[in-house]
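Here's a quick tour of the charged pairs, the ligand site and a bit of the surface. Have the structure open and follow along.

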Amino acid sequence: MGQQIAFHKADQLKVKPDPEHLGFGRHFTDYMLEMDYSVDDGWHDARIVPYGPITLQPAATVFHYGQEVFEGMKAYRAEDGRILLFRPEMNMRRMNQSCARLNIPAIDEAFVTEAIMKLVDIEKDWIPSKPGQSLYIRPFIIGTESFLGVHPAESYKLIVILSPVGAYFGDTVNPVKIYVEDEYVRAVRGGIGFAKTGGNYAASLKAQSKAEELGFDQVLWLDGVEHKYVEEVGSMNIFFKVDGEVWTPALNGSILPGVTRDSVIRLLQHWGVPVKEKKISVKKLFKKAEKQKLEEVFGTGTAAVISPVGFLKWEDRLIRVGNGEIGPLSKKLYETLTGIQTGRLEDELGWMQEVSSEETAVAD
Ligand SMILES: *Cc1c(COP(=O)(O)O)cnc(C)c1O
């Protein structure tokens, strides 16, 4: 693996978007990181190049058989000017777990982290600093071999693009309405549910559209075999506060192991709040709700951090969670996580990694 990271300067830089109207994933920075894989050279030719279209053969594996993995992480600008990444080693490890499942050659986690830091450092003027804002980092790998036979590609491309983003669900933390999907499934054990790969999303779009047509924001997936047990929401893991305890579905091979999920579990343990990873039946949840024991429901993910759930619809039943506002524990988790991420709160659990200019000095 080549340890050099080349830098190709753009002739002209873009006009930055209005920080008041960033949205999510709409604007991209001036540069991207690119790296290639071939059987002979392994991962090589890491380079930071102007952001722009890429050229691929129409027969490239990714277009036909979906050989692809991706990640999602964020860089934050602290009040004191430091640039911070939240647990990037977790994303790199998960990327390799996804690669292993999709039969994609592993990356050098430390090297790609260093390359991402270099890219973020070059693009530091793009990191917005208002509350809820950050620079979203999207690494992905695609199979690029030009061949229509079904077999793992012999060549790949890794690309990392950056997008300045506002709060995922807009400015106010409005509880979302969730539709429990009982017809379509997202993933089954033994499949690719635990991998962060586009195929899982392709499989989810139909149900997401159906939920939106019915007036809901997101889908809550049930297990693919019995359609009884809760798995996760659209692009988030899910938590329930039931009678003083916090429950989240145990990782079973069909659920994406979220970095935010892991961080919430650790924070709760740190605070002494009882938290259980277990098999959770939707029937039991609705029973608890009827007895007024379902206190809070929230989704977790890098994009939204904590997303409170206000309504749950399953078959012909609709329950309202809490009083339509974010619950106290959800709020405390949101404040703590975003506080640590933006350097406002002490990083007691050692999660933040600073992007420093000295280490990432670039040679032209
Ligand atoms: C990325 C993702 C999550 C959340 O993971 P984080 O690491 O917390 O961002 C949850 N579910 C799915 C399907 C995902 O793709």
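## Starting at Lys241

Let's begin with Lys241, which counts as buried at 18% relative accessibility, since the cut-off for buried is under 20%. Keep in mind that we're looking at a predicted model. Lys241 sits in strand β12, and its side chain forms a salt bridge with that of Glu295, at 2.6 Å from N to O. The two ends come from distant parts of the chain: Lys241 from β12 (residues 237–242) and Glu295 from strand β15 (residues 294–301), 54 residues apart.

How exposed is Glu295? Its relative accessible area is 30%, so Glu295 goes down as partly exposed. If you'd rather think in polar contacts, the side chains of Lys241 and Glu295 are joined by one of 2.6 Å.

## More salt bridges

Side chains of opposite charge can pair when their charged atoms come close. In this model, the tally is 20 salt bridges. One of them is between the side chains of Glu181 and Lys210, with N and O 3.1 Å apart. Glu181 belongs to strand β9 (residues 176–181) and Lys210 to helix α5 (residues 205–213), so this salt bridge ties together parts of the chain that are 29 residues apart in sequence. Glu181 has a relative accessibility of 1%, which means that Glu181 is buried.

Then there's Arg186, whose side chain meets that of Glu232 in a salt bridge, again listed at 3.1 Å from N to O. Arg186 lies in the loop between β9 and α4 (198–202), while Glu232 is in strand β11 (residues 230–233); the partners are 46 residues apart. Both are buried, Arg186 at 11% relative accessibility and Glu232 at 3%.

Not everything comes as a simple pair. Glu34, Asp36, Asp45, Arg47 and Lys157 are linked in a network of salt bridges.

## Around the ligand

Which residues come nearest to the ligand? Of the 15 around the ligand, the answer is Lys196, Tyr201, Glu232, Thr260 and Thr302. Glu232 is worth a second look here: besides its salt bridge with Arg186, Glu232 has a side-chain N or O atom 2.5 Å from a nitrogen atom of the ligand. On the oxygen side, a polar side-chain atom of Arg94 is 2.8 Å from a ligand oxygen, and for Thr302 the distance from a polar side-chain atom to an oxygen atom of the ligand is 2.6 Å.

How much of the ligand does the protein cover? On its own the ligand has 380 Å² of accessible area, and the protein covers 97% of that. As for the make-up of the shell, four of its residues are nonpolar, seven polar and four charged.

## A nonpolar patch on the surface

Last stop is the surface, where Tyr65, Leu148 and Val150 form a nonpolar patch. Together they have about 330 Å² of accessible area. Tyr65 lies in helix α1 (residues 61–65). With a relative accessible area of 40%, Tyr65 counts as partly exposed.

Note on methods:
Residues numbered from 1 in each chain as written. Predicted model: local features only at pLDDT ≥ 70, side-chain atom pairs only at ≥ 80, totals over all residues. Heavy atoms only, no water. Salt bridge = Lys/Arg side-chain N within 4 Å of Asp/Glu carboxyl O. Helix = DSSP H or I, 4+ residues; strand = E, 2+ residues; numbered from the N terminus. Buried < 20%, exposed > 50% of the residue type's maximum accessible area, 1.4 Å probe, protein only. Near = heavy atom within 4 Å. Polar contact = N/O pair within 3.5 Å; in protein donor to acceptor, adjacent residues only side chain to side chain. Areas by Shrake-Rupley, 256 points an atom, 1.4 Å probe, with all protein chains shown as cover. Nonpolar A, V, L, I, M, F, W, Y, C, P; charged D, E, K, R; others polar. Patch = residues over 30% accessible without salt bridge, like charges linked within 9 Å, V, L, I, M, F, W, Y side chains within 5 Å.
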